[in-house]
Amino acid sequence: MKIYKLFISLIMVLSLCGCTSKSVTTQEMTQSDSPEKGDLTVIGFSQLGAESDWRSSNTQSMKTTFTEENGYRLIFEDGQQKQANQIMAIRKFIQQEVDYIVLAPVTETGWDTVLREAKDANIPVIIVDRMVDVKDDSLYECWIGSDFKLEGMKMCQWLNDYCKKKGIRGSDLRIVDLQGNIGATAQIGRTRGLSESARKFGWKVLEYVPADFTQTKGREVMKTLLRKYDDINVVYCENDNEALGAIEAIEEAGKVAGPNIRAGEIMVLSFDGINEDARQYVIDNKISCIAECNPLHGPRVKGIIEKLEKGQEPPKLSYVGEDIYAHDKAVESIRVDSIEYPITVLQTK
């Protein structure tokens, strides 16, 4: 696309200068045109917000990848958790005639119209992290992100195997789910992972409550749940920030966050693994297990763009590989859908 635009510009310049004896060199073109227009691939990135440490790392990965030194100009727009802001940003990118649009959507639905506008403008759209639910999947080139339901299934398989190792019956578990933003792909997948596993293993899920992927809401929701139920022994937090907030509430209530359910501790499970405090809590055994969600999508998006620039077709869906972190050595690996996943043990060195 960038080559095509440059080619058209060359034709226009040469046609204007055709009646003179002076030829226009590439060097002169470079000097007269700004680098933003002539040399750099322009990326419009609509990020949904900055609700968590994972999101901040995801944004930073994009910013450090799409630099002028790497041949790019990045136009960044923070949606502040509002789809209307993101739709406005995409339309702005279209007006600016960017080369590519990268979208991290706040929710899955409601994108058909604006993505159709981008396609009509011949601007490829790459979706990252959360998915979009559109009638025509040709409205975007590809999606890059995590298999969120698989993350949930892996977490639940670890919990099942751990309980077996420790002689804890599945029927003794009393679980609460601190969900993410309702309608987000991560929330949908991780919630489904728990609900399907609970039916499979005979667990009792006391309640599913949105906590918006934030530490403040995680603390608030957990305080309410602890007042409502006196038998909670597992809290399934759909990201690290919620887990940190939940642990604050648990400790404020005079209880202990830890894996020893029989001694009255409350086992905390989490997702992401990007927050340093959360990883330290695994070492301290306050968080029993974290299913990693890798936020470093910048290089992956860059690879997709390089393929498109060469006229190659990237895979429609690209899932990233991710680990599972635990403190206890009781479970060394888990098996989900006939695939074995090793457990990475985090302990003080």
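Two residues count as being in contact when their heavy atoms come within 4.5 Å of each other. Keep that in mind while looking at this predicted model. Among the contacts in the protein chain with a separation of 6 or more, 70% are made by residues 24 or more positions apart. The protein chain has 349 residues, and 50% of them count as buried. As for the outside, the accessible surface comes to about 16,600 Å², with 48% of it belonging to carbon and sulfur atoms.

Now for the secondary structure. You'll find 12 helices and 15 strands in the protein chain. A good place to start is an open sheet made of 6 strands. Walk across the sheet and you meet them in the order β2-β1-β3-β4-β5-β11, with parallel pairing. At the edges stand β2 (72–78) and β11 (317–319); each has a single partner strand, so one side of each is left without a neighbour in the sheet. On average, neighbouring strands here are turned by 20° against each other, ignoring direction.

Let's zoom in on one end of that order. Strand β5 (residues 142–145) runs parallel to β11, and 3 bridges join the two. If you want a spot to look for, I144 stands opposite S318 in β11. The sheet also has a helix packed on it: α4 (residues 53–65), which touches β1 (41–47), β2 and β3 (100–103). The direction of α4 makes about 175° with that of β1.

Another helix to visit is α7, which covers residues 148–166. How does its span compare with what its 19 residues should give? At 1.5 Å a residue, the expected span is 27 Å, and the end C-alpha atoms are 27 Å apart, so the two agree. In an α-helix there are 3.6 residues a turn, so residues three or four places apart point the same way. Right after α7 comes G167, and its phi is positive, near 70°.

Last stop: the cysteines. A disulfide is a covalent bond between the sulfur atoms of two cysteines. How many disulfides are there here? The count comes to 0. Take C289 as a case: the closest cysteine sulfur to its own is in C156, 9.9 Å away, and a disulfide needs the sulfur atoms within 2.5 Å, so this pair is too far apart for a bond. Is C289 buried or exposed? Its relative accessible area is 0%, so C289 is buried. C237 also counts as buried, because its relative accessibility is 0%.

Note on methods. Residues numbered from 1 in each chain as written. Predicted model: local features only at pLDDT ≥ 70, side-chain atom pairs only at ≥ 80, totals over all residues. Heavy atoms only, no water. Buried < 20%, exposed > 50% of the residue type's maximum accessible area, 1.4 Å probe, protein only. Helix = DSSP H or I, 4+ residues; strand = E, 2+ residues; numbered from the N terminus. Expected span 1.5 Å × (residues − 1). Areas by Shrake-Rupley, 256 points an atom, 1.4 Å probe, with all protein chains shown as cover. Pairing = 2+ DSSP bridges. Axes fitted to C-alpha atoms, helices over the stretch in contact; angles between N-to-C directions.
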